[in-house]
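Colleague: I am new to this structure, so please choose one residue, look closely at its surroundings, and then work outward to other places that deserve attention.

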Amino acid sequence: MATYKAPIRDMQFVLYELLNGDKINELPGFEEATRDLIDPVMEAAATFSEEVIFPINRSGDEEGCKLVNGEVTTPKGFKEAYKQFCEGGWSTFACDPNYGGMGMPKSAHSMVEEMLCSANISFGMYPGLSFGAYHSLHNFASDTLKDLYLPKMVDGTWSGTMCLTEPHCGTDLGLCRTKAVPAEDGSYAVSGTKIFISAGDHDLTENVIHLVLARTPDAPAGIKGISLFVVPKFNLDDNGNVADRNGVVCSAIEHKMGIKASSTCVMNFDGAKGHLVGDLNKGMQGMFAMMNRARLAVGMQGLGLCEVSYQGAVEYAKDRIQGRSLSGVKHPDKSADSIIVHPDVRRMLMTMRAYTQGARAFGAWVSEEYDYSSNHADAKRRAEADEFVQLTTPVVKSLFTDLGFECTNLGMQVLGGHGFIRESGMEQYVRDCRITQIYEGTNGIQALDLIGRKMPDKAGRNLRRFFHPVQEYLEANMANPALAEFVQPLSKSFIRLQQASGQIATVGMSKPEEAAAVASDYLKLFGLVALAFMWCRMAEIALEKQADDSSGFYAAKVKTARFYMQKLLPQTSTLFATIMAGGSTLMDLDEDQF
Ligand SMILES: Cc1cc2nc3c(=O)[nH]c(=O)nc-3n(C[C@H](O)[C@H](O)[C@H](O)COP(=O)(O)OP(=O)(O)OC[C@H]3O[C@@H](n4cnc5c(N)ncnc54)[C@H](O)[C@@H]3O)c2cc1C
């Protein structure tokens, strides 16, 4: 059942009761981000998501994008919705005020991203990509390029893309073949084919600004010879306005499983005029800045789809009547009870609920630390926050999108056969979610990033940024009988995580393949412990407040926390066993035995 109401109450709980959202305006640069401002902004984002883009989610899926005479068109209603999006100032939300942005913190921006993705993930792709491109230019481009491109990207007049992938070059970007030949005027002529380019072409904006990875003729081989270029669809005249067409065209759009209203383009660059962004051969630096932020945003896509699927499933489960409750008839006035009385339906709903709310809390914590890493007055605190964000980014991307796929599948299952039928809207969430596990670096690659780069980095200091707060929390609360049912399972799973981390660190030094073989299991173990930590803290707050709360909000939190601890967290025991079993059984079979 397609239904969506932005979970504002839960978002406020996370921002202001669990975290320090009401103090974010104490950070230099975020002075305006007071609760008085953020709350109405969140309400407005909710209205936009519920009333403008949610109604065109299914029609967008049915109609898809089209390529006509070399130009891509988006489905009916997208242009108008995008116009409203820009008029509402949403494109400027988290951008630098020096270029027309509102300069709002990431912690609030992530919540807005979640709403957009719940309501219409395809629509959210367009501003999402633009924001990533903005971020790279903002961090790495010269002032001249920034002045030229950023104001119109910030106000949404122009959109952005990231052009990395080529037919033979996906995960391994060192294989990139696109060429950038220097011209006499200091620009570059960019030639090559990029595939799978989201928002590569469309009819929402006046210009499309591509950020393209390419190599100059004498660049070193591999990843060290890759540079980043900005290549507009339309060249700019001396006043920075759109002029003649540049040598870049969309030659095809992909027909795909989901996110059908987001254009996925094959882009041909044929001597297109571009400019270097950042230093020569340091293109990956610029791309990584964009990708890290984008990875957190993809995590929000997974979370957004968990939420909307959960809401659809709950509505249906209350409405649909089949069979009778095993504990006695619940609705004697009806010919059967609502399916929400059945334990197996409850299993699905509670799983979706516990993952969604736990992930929202963890994602918000990471976003808040992101704000500290960029804006805290104390350099040491900034560095610590950055270490935390570095460590947790692959977990957010991978865990949330895996949970997104699991939850959207459960959501479909709750509707039985009706879930499989397009009309219900539930199968679209499954299809839309599937790509989130693949792009922005597959989830397998996120796991390798976690164990191979983020964990060993700085002699394990990143890891301590997560371990220390958990350890401190456990020490402070271990003896509290009121919290025992939450703290003890957290403690047990945390010990498993510590032991698994030690095992991977030891093995990783001498046998990297062994460590790589258990990376995905380790990332999930890490993620489940992180959610358990959030559930402990949420339960603690809710236990204190539930007696005075007639709405039932806090009581429901405590019950959901209990479910998470007893029914979902025990998976850490299996994951621990598979991690300790190592990787030899994966590699034993000879290639020709497959
Ligand atoms: C709808 C859609 C939108 C996209 N949008 C964009 C975009 O806007 N811009 C852009 O540049 N790209 C985009 N992509 C491309 C996307 O990022 C890539 O598909 C993805 O990074 C994986 O690359 P690949 O498809 O070439 O798979 P491959 O790299 O060939 O990987 C195939 C499999 O092998 C695994 N694998 C590969 N290397 C390793 C390794 N070293 N260790 C372990 N496992 C490995 C992968 O995890 C995967 O399971 C998009 C793709 C799609 C489908």
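**A buried ring and its surroundings**

Modeller: Tyr522 is buried, with a relative accessible area of 0%. The model is a predicted one, and everything that follows should be read with that in mind. Buried is the word for a relative accessible area under 20%, and Phe526, whose value is also 0%, is likewise buried. These two residues lie 4 positions apart in helix α16, which covers residues 519-545, so that about one helical turn separates them.

The structure contains 23 aromatic pairs. Tyr522 and Phe526 make up one such pair, in an edge-to-face arrangement, with 6.4 Å from centre to centre and an angle of 65° between the planes. The pair counts as edge-to-face because its planes are over 60 degrees apart, and it counts as a pair because the centres are within 6.5 Å. Tyr522 and Phe526 also belong to a wider cluster that is held together by ring pairs and has among its members Phe362, Trp365, Phe388, Phe400 and Phe533. Phe466, Phe467, Tyr473 and Phe494 are also among the residues linked in this cluster.

Rings meet charges as well as other rings in this model. The charged end of Arg245 is placed over the ring of Phe234, at 5.4 Å from the ring centre, while the charged end of Arg434 is placed over the ring of Phe405, at 5.3 Å from the centre.

From the rings we can turn to the ligand, which is surrounded by 18 residues, the closest being Met162, Thr165, Thr171, Phe196 and Thr442. By kind, this shell consists of 10 nonpolar, 6 polar and 2 charged residues. Three elements, β3 (158-163), β5 (188-198) and α12 (443-454), each contribute at least two residues to the shell, and β5 gives the largest share, with 3 residues. Some side chains approach the ligand with polar atoms: in Thr165 such an atom lies 2.6 Å from a nitrogen atom of the ligand, and in Ser198 one lies 2.8 Å from a ligand nitrogen atom. For Thr442 the partner is an oxygen atom of the ligand, 2.7 Å from a polar atom of the side chain. Taken alone, the ligand would expose 970 Å², and 61% of that area is buried by the protein.

Thr165 also gives a point of reference for Leu175, because their C-alpha atoms are 9.7 Å apart in space and the two residues are 10 positions apart in sequence. Leu175 is in the loop that joins β3 to β4 (179-182), and with a relative accessibility of 42% this residue counts as partly exposed. Another loop, between α12 and α13 (457-477), holds Met455, which is buried at a relative accessible area of 7%. Met455 lies 49 residues from Ile504 in sequence, with a C-alpha to C-alpha distance of 9.6 Å.

Backbone angles single out two further loop residues. Most residues other than glycine have a negative phi. Asn69, although not a glycine, has a positive phi of about 50°; this residue sits in the loop between β1 (66-68) and β2 (71-73) and is exposed, with a relative accessible area of 78%. Ala199 likewise has a positive phi, near 60°, and its place is in the loop between β5 and β6 (207-214). Ala199, however, is buried, with a relative accessible area of 1%.

Two remaining residues show how separation along the chain and separation in space can be read side by side. Ala377, in the loop between α8 (343-375) and α9 (379-414), is exposed, with a relative accessible area of 62%. Its C-alpha atom is 6.5 Å from that of Pro28, and 349 residues separate Ala377 from Pro28 in sequence. Tyr82, by contrast, belongs to helix α4 (residues 78-87) and is buried, with a relative accessible area of 6%. Tyr82 and Asp36 are 46 residues apart along the chain, and 26 Å lies between their C-alpha atoms.

Definitions and conventions
Residues numbered from 1 in each chain as written. Predicted model: local features only at pLDDT ≥ 70, side-chain atom pairs only at ≥ 80, totals over all residues. Heavy atoms only, no water. Near = heavy atom within 4 Å. Polar contact = N/O pair within 3.5 Å; in protein donor to acceptor, adjacent residues only side chain to side chain. Areas by Shrake-Rupley, 256 points an atom, 1.4 Å probe, with all protein chains shown as cover. Nonpolar A, V, L, I, M, F, W, Y, C, P; charged D, E, K, R; others polar. Phe/Tyr/Trp six-rings, centres within 6.5 Å; stacked < 30°, edge-to-face > 60°. Buried < 20%, exposed > 50% of the residue type's maximum accessible area, 1.4 Å probe, protein only. Lys NZ or Arg CZ within 6 Å of the ring centre and 35° of its normal.
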